[in-house]
Amino acid sequence: MKPLLKLEHIEVKFPIKRSLLEVIRNTPQKLVHAVNNISLEVAEGEILAIVGESGSGKTTLGKAVNALHDSDVVKGQITFNGQSIFDSKGKLLPEYRKDISMIFQDPYQSLNPKHTIEKIIAEPLMIHKVTKDKVEMRNLIIEALNHAGLSPGESFLNRYPHELSGGQRQRVVIASALVLNPKLIIADEPVSMLDVSVRSDILRLMMKLREEKKISYLFITHDISLAWAISDHIAVMYLGTMMEYGKADEVIEKPLNPYTQALINVMPKMHVRRNEKRVLLKGETPNPIDMPSGCSFHPRCPKAQSICKNVKPMPDWDKHGHMNYCHFNEEASHE
Amino acid sequence: MEILNVKDLKIEFNLSGHRKLHAVNGVSFSLNKGETLALVGESGSGKTTTALSLMKLLPDNGSIVEGEILYKNQSVINASAEKIRSLRWKEISIIFQGAMNALNPVLTIEKQLMDVIMHHDHLEENEARIRAEELLKMVEIDVTRLKQYPHQFSGGMRQRVMIAMALACNPKIVIGDEPTTALDVMVQAQIFDLLERLKKVLELSMIIITHDLSILGDTCDKVAVMYAGEIVEYGEVQDIYCHPKHPYTQKLLSSYPVIGGKKALPESIPGIPMDMTQIPVGCKFAPRCHKAMPICFEEAPIQKVENGHRYFCHLGGESL
Ligand SMILES: Nc1ncnc2c1ncn2[C@@H]1O[C@H](COP(=O)(O)OP(=O)(O)OP(=O)(O)O)[C@@H](O)[C@H]1O
Ligand SMILES: Nc1ncnc2c1ncn2[C@@H]1O[C@H](COP(=O)(O)OP(=O)(O)OP(=O)(O)O)[C@@H](O)[C@H]1O
Ligand code: SF4
Ligand SMILES: [Mg+2]
Ligand SMILES: [Mg+2]
């Protein structure tokens, strides 16, 4: 199947502001290596989960897909529906903005508290000049609200964000992401601010939209079990690098990469295991300004050898489309 | 040996217009020496309020209206101001919810640690400095970092500093209010591992407040599940995980995907949390309960006890 979204060698490096003194002394420009050489595909109707710890580059990658960064910090090729999202002059194709939308993490911050729900959802419609007709506009808004499970949609039009619960607010965010009928939604931690008991409603809604409208998702989360439960594929990120990629079940049940293995080992598992031995990684994730040489994970990797320090691994793809970014491939040997 | 006993605790907040919010409604639990108890429940269920009351740290508009808190068999509620001063931080201390993000950005870690130590313990500056160093070692931060500022510390390290502050006066009970909530799984595991070791060495008892049921098995001995200001179920972690009796606990547990289990979207609990300014007759969970019967809306359930496992429900703890 042809991928809906294709990322090739995406890199995002943010320059760090230099002080006047540093400029005068001509010290080299330092960079935050937020996303390093990521290649991925998302098929129509597919959910790809991006998991990784704080600072691993998930949001930066999501924003790159959403073309929200200054063009000079991003390198690589993004293809949507077989077409580069930028024209030959480097301008973003106008349809692309309608085809994708992004849901941000915090339902409290992503809604303007002074605007009614109607006004909030009208905004994308106005920006894209979808219609001038007032009645049609209102109908589109009501439809989006109903789709997002806020029904009857009419009853929410004149309400303000503070009059809604956290779960309802996140539904408003989803409604405004839906109103332009996107093909791909980048959902950045869409439920992590919500109580568990309301999370599933939002997730169910997202799944329903994928069934009904064939929407694809780039689902960004730090929650590995959630990624496993809802996604088709999982990409694990560490320090801006994709350490492992594959079918959700494979990555979670037979992780190949030492980083993924450690994560899965320590994640809470809903059973009593205070006396079980756990593989705690030593120390902390390094700063992406001073990237470690070789494999970025080598300073903390329990399996690291000298090659890891000196040589960057090559992504190792097996025939089932499972990728491991590591010099060693232990699990794979029993196949 | 029992170190803390809380009985029928009721706490109210005064709201504008003479309205009252019933944040804690008859909570009872006890804590043994060396034991870790988890208070779990969703946002607004009264976890923080319960914890603050143990040190008499409630906000001004909040008050304990009924019940008793006994620390080593002595009343906390009726204690003199002086007694309370010798209780806070020295006997019971707390890592406040979100405090790791509230460190003063313009003061060094050392200064902030020393301020806490000098404030509680009336030590001289150089004694406080030595103590600050000791504490930092205890939470496994390199002492060369004492002169650094909070922004140079990662989230996990800032939380370690908060733990160091809570340990400053050698307390017997440490309360951790959502101690790992904003942290990554690996950092969370490191923090729990540290707490576990500190607990053994210092012979601490702990109360861990969390909304995340998945971490219980990594951290605690006993669990109290709170809903609308009540402990609806209490028991050993193992029993809570394997044989939850209360429909709320059962539903809450099934809100988590379990790797290795059935791969399906987790369950949700319909309805919204109770409006805590009203006290309904009947079971507070009834409007959201999938098993509610007519009696649930008419009469508050009484407590059922089976081998130390307690719950409030008209049903007999049948599974989902
Ligand atoms: N505009 C920016 N300028 C400089 N550095 C940035 C910028 N945006 C992000 N970064 C850095 O890039 C790295 C990746 O950040 P990003 O926000 O993508 O992480 P994340 O995986 O989304 O983390 P979280 O789970 O905390 O949201 C971090 O080190 C961050 O500090
Ligand atoms: N100072 C206050 N004045 C009025 N109401 C308050 C005050 N502090 C807390 N409350 C209310 O008391 C109830 C219990 O709050 P509490 O902070 O104890 O909940 P919690 O279980 O700790 O929740 P969270 O998980 O969100 O921290 C809530 O309904 C809350 O809105
Ligand atoms: S008492 Fe009734 S409403 Fe309350 S939890 Fe039990 S079954 Fe549900
Ligand atoms: Mg992010
Ligand atoms: Mg709280």
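Is Thr48(B) buried, partly exposed or exposed? The legends below take up this residue in the second view.

The model is predicted, so that local features need pLDDT of at least 70 and side-chain atom pairs count only at pLDDT 80 or more, while totals for chains, interfaces and linings use all residues. Residues are numbered from 1 along each chain as its sequence is written, chains are lettered from A and ligands numbered from 1 in the order in which they are written, and side-chain values use heavy atoms, with hydrogens and water left out.

**View 1. The shell of residues around ligand 1 in chain A.** Among the residues that surround ligand 1 (a heavy atom within 4 Å) are Phe14(A), Val32(A), Glu53(A), Lys58(A) and Pro288(A). The shell divides into four nonpolar, six polar and two charged residues, where Ala, Val, Leu, Ile, Met, Phe, Trp, Tyr, Cys and Pro count as nonpolar, Asp, Glu, Lys and Arg as charged, and the others, including Gly, as polar. Strand 2 (31-42) and helix 2 (58-65) of chain A each supply at least two of these residues, and helix 2 gives the most, with three; helices (H or I, at least four residues) and strands (E, at least two) are DSSP runs numbered from the N terminus. Polar contacts (N or O atoms within 3.5 Å) join oxygen atoms of ligand 1 to the side chain of Ser54(A) at 2.6 Å, to the side chain of Thr59(A) at 2.7 Å and to the backbone of Gly57(A) at 3.0 Å. Of the 630 Å² of accessible area that ligand 1 has on its own, the protein covers 61% (Shrake-Rupley method, 1.4 Å probe).

**View 2. The magnesium ion, ligand 5, with its donors from chain B.** Thr48(B), through OG1, and Gln97(B), through OE1, coordinate the ion at 2.0 to 2.3 Å; donors are N, O and S atoms within 2.8 Å of the metal (3.2 Å for Na, K and Ca), and the site may look incomplete because water is not among the atoms. The pair lies 49 residues apart, with Thr48(B) in helix 1 (residues 47-54) and Gln97(B) in the loop between strand 6 (92-95) and helix 3 (109-121) of chain B. Thr48(B) counts as partly exposed because its relative accessibility is 25%, and Gln97(B) also counts as partly exposed, at 46% (buried is under 20%, exposed over 50%, partly exposed in between, with a 1.4 Å probe and protein chains only).

**View 3. Cys308(A) in helix 11 (residues 306-310) of chain A.** Cys308(A) is buried, with a relative accessible area of 7%. Leaving aside residues up to four places away in sequence, Cys308(A) touches Ser293(A), Gly294(A), Cys295(A), His298(A), His327(A) and Phe328(A) (heavy atoms within 4.5 Å). Cys295(A) is 13 residues from Cys308(A) along the chain, and their C-alpha atoms are separated by 5.4 Å.

Definitions and conventions:
A polar contact is a pair of N or O atoms within 3.5 Å; within protein, one must be able to donate a hydrogen and the other to accept it, and residues adjacent in sequence count only if both atoms are side-chain atoms.
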